[in-house]
Structures are given as C-alpha cells and as structure tokens.
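The following questions and answers work through one protein model, moving from single residues to the chain as a whole. Please keep the sequence and the structure in view while reading.

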Amino acid sequence: MADPNPKLKLYSYWRSSCSFRVRIALNLKGLDYEYKAVNLLKGEQSSPEFKDLNPLGYVPVLVDDGVVLADSFAILMYLEEKYPGRPLLPRDLKKRAINYQAANIVSSNIQPLQNLNILKLIEEKINPDEKVRWAKYHIEKGFQALEKLLKGYAGTYATGNEVGLADVFLAPQLDAAFRKFNVDTDEFPILKRLHDAYFELPEFLNALPEQQPDAPRNCIVGVFSNPFLAFVM
C-alpha cells in the first residue's frame, strides 16, 4: 500500500544558499523530509539522473508525492500554499510586497552574481583575487538597498516580529556575507541585528551548512583548503 503521506525529498548541497533557504522553510513549517545530497564539486548535478529532475543542473530540487520542483523561489511558494501552517507571508498587503521585494533583491541581484559558475569564470578569465572583490561589491550594493528598504519595517525580523519570506532569503545571504566574505557588519546595522536574531532560532540553526549530513567532518565555515568550497551559493 502506498504511503498516504509520503516524505518530502530535498536534493541539496550543504553549501548552497538556495538549498539553505528551503531547509529553513521546511524547518519553520515543521515538515519532515529526506535529505538527498548532491555534490556540486564532484559534478553530480550534471548527471543524467539529476538532470531528469532539473535540466538546468542546479540545486535545490524538491520532490513531493510526484511533484518535482526546482528553483528555491518556486519551491517556497509551493510550500506556502500547500502547507500553510506557520505562514511565511503576512496578511498585510504592503508587508507582503516588502517581503517579495527583499527576497528578490537577494535572489536576483546578489546571489546569482556570486555563485560558483560566475566566480570560477572570473578566476579563470581575470585572476583569483578579483572574484572576492567582485562578490563583495555586489553583496554590499545589495545590502545598501536592503538597509533602506527595511528601515521602516524591521522589528525582530525583516518586516516585523514574525519570521517571513524575506528572512528565509536574507539569513543565508547574511551568513555568507559576514562569515565568508568578511563584509563589515558595522556598515549594515539592521542586517546585522537580523542576522543575530535568526541564529537564535533552532529552525535556522539546524539549517546551517555545517549541520548538514554532507558537510565535511570538522568543517569550519569560511576556512577551506579548496577555495571554491567557500563560494558555492
């Protein structure tokens, strides 16, 4: 007999910030899931089996009772509609719009410009040092916009005192910026305060890269023998 409540499957890589977002949301909603590791550094995302799930060859991918979804934004919207417990979007229309805007600043204007493929290309075409400067420039530009956007809305979290969609996108990006790229936290006081608040919550702590089953043993975030490990987003 088929399981009437099949477990969700999340295809993830421990250092992927897009996967990190989805892990946070699954934890917040109290959803049990099976973790399926995809090693990006070994090229497992390019295997025929994985490309059957996502032809682009990117993580995360969520499988839910025959529904296969790639792209973290699509996955989060699906989870919000199918599993409305602990909603990520506020009822207030203006706050909801601010959540979308903050999430899109991260997903469209920061993260894609610092992912593994871009940074590898910069290293190959220019020089290894330039990839860090490039990443920090785009992170700081995005953070300046986020500071202005959230100034009139932030409470304990991005748009008030309840965790929302914006926080799910912000947490991985802030963690990467402050712990890996050494972005100056003093320049972004609202974002620094949010970052500190996020990692007092078990749902965020349990989603951290170093807590994942495919994380290297005794890994220290931001310190790697292989420099590309620090930049998989």
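**Reading the predicted model**

Q: In which segment does Leu208 lie, and is Leu208 buried or exposed?
A: In this predicted model, Leu208 lies in the segment after α9, the helix of residues 202–205. A residue counts as buried under 20% relative accessible area. Because the relative accessible area of Leu208 is 8%, Leu208 is buried.

Q: Which residues is Leu208 in contact with, leaving aside its neighbours within four places in sequence?
A: The C-alpha atom of Leu208 is separated by 12 Å from that of Ser12, although the two residues are 196 positions apart along the chain. With the neighbours within four places in sequence left aside, the contacts of Leu208 are Phe20, Arg23, Asp175, Arg179 and Phe199.

Q: What distance separates the C-alpha atoms of Gln211 and Trp14?
A: Gln211, like Leu208, has its place in the segment after α9. Beyond four places in sequence, Gln211 is in contact with Leu205 and Asn206. Gln211 and Trp14 are 197 residues apart along the chain, and their C-alpha atoms are separated by 8.2 Å.

Q: Is Glu203 buried or exposed, and which residues is Glu203 in contact with?
A: Glu203 has its place in helix α9. Its relative accessibility is 18%, and the limit for a buried residue is 20%, so Glu203 counts as buried. Outside the neighbours within four places in sequence, Glu203 is in contact with Ile24, Asn27, Leu28 and Arg86.

Q: How many bridges join strand β3 to strand β4, and which residue in β4 is the bridge partner of Leu62?
A: Strand β3 covers residues 61–64 and strand β4 covers residues 67–70, and the two run antiparallel, joined by four bridges. Within this pairing, Asp64 stands opposite Val67. The bridge partner of Leu62 in β4 is Leu69.

Q: Which residue in the turn between β3 and β4 has a positive phi?
A: The two strands form a hairpin with two residues between them. The residue in question, which is other than glycine, has a phi near 50°. Its relative accessible area of 56% is over the 50% limit, so this residue is exposed. The residue with the positive phi in the turn is Asp65.

Q: Which residue in β3 is the bridge partner of Tyr11?
A: Besides its pairing with β4, β3 pairs in the antiparallel sense with strand β1, residues 8–12, over three bridges. Tyr11 has its bridge partner in β3, and that partner is Val61.

Q: Which residues of β3 point one way, and which the other way?
A: In a regular strand the side chains alternate between the two faces of the sheet. In β3, the four residues are all buried, with Val61 and Val63 pointing one way and Leu62 and Asp64 the other way.

Q: Where does Pro60 lie, and what is the omega of the peptide bond from Val59 to Pro60?
A: Pro60 lies in the loop between α2, residues 48–53, and β3. The peptide bond that leads from Val59 to Pro60 is cis, with omega near 5°.

Q: What is the phi of Asp71?
A: Asp71 lies in the loop between β4 and α3, the helix of residues 72–82. With a relative accessible area of 45%, Asp71 is partly exposed. Asp71 is a residue other than glycine with a positive phi, near 85°.

Q: What is the volume of the second largest pocket, and how do the residues of its lining divide?
A: The second largest pocket has a volume of about 250 Å³. Its lining holds 15 residues, and the closest to its centre are Pro87, Pro90, Glu162, Val163 and Gly164. The lining residues divide into seven nonpolar, five polar and three charged.

Q: What pattern does the protein follow along the sequence?
A: The protein has nine helices and four strands. Read along the sequence, these elements follow the pattern β-α-β-α-β-β-α-α-α-α-α-α-α.

Q: What radius of gyration does the protein have?
A: Of the 233 residues, 50% count as buried, and residues 24 or more positions apart account for 71% of the contacts with a separation of 6 or more. The C-alpha atoms fill a box of roughly 55 × 45 × 30 Å along the principal axes. A compact globule of 233 residues would have a radius of gyration near 17 Å, and the protein agrees with this because its own value is 17 Å.

Notes
Residues numbered from 1 in each chain as written. Predicted model: local features only at pLDDT ≥ 70, side-chain atom pairs only at ≥ 80, totals over all residues. Heavy atoms only, no water. Buried < 20%, exposed > 50% of the residue type's maximum accessible area, 1.4 Å probe, protein only. Contact = heavy atoms within 4.5 Å. Pairing = 2+ DSSP bridges. 1 Å grid on protein atoms, 1.4 Å probe; cavity = no way out; pocket = protein on both sides within 12 Å on 5 of 7 lines; lining within 4 Å. Points joined across faces, edges and corners; volume = space filled by probe spheres on them. Nonpolar A, V, L, I, M, F, W, Y, C, P; charged D, E, K, R; others polar. Rg over C-alpha atoms; globule rule 2.2 N^0.38 Å.
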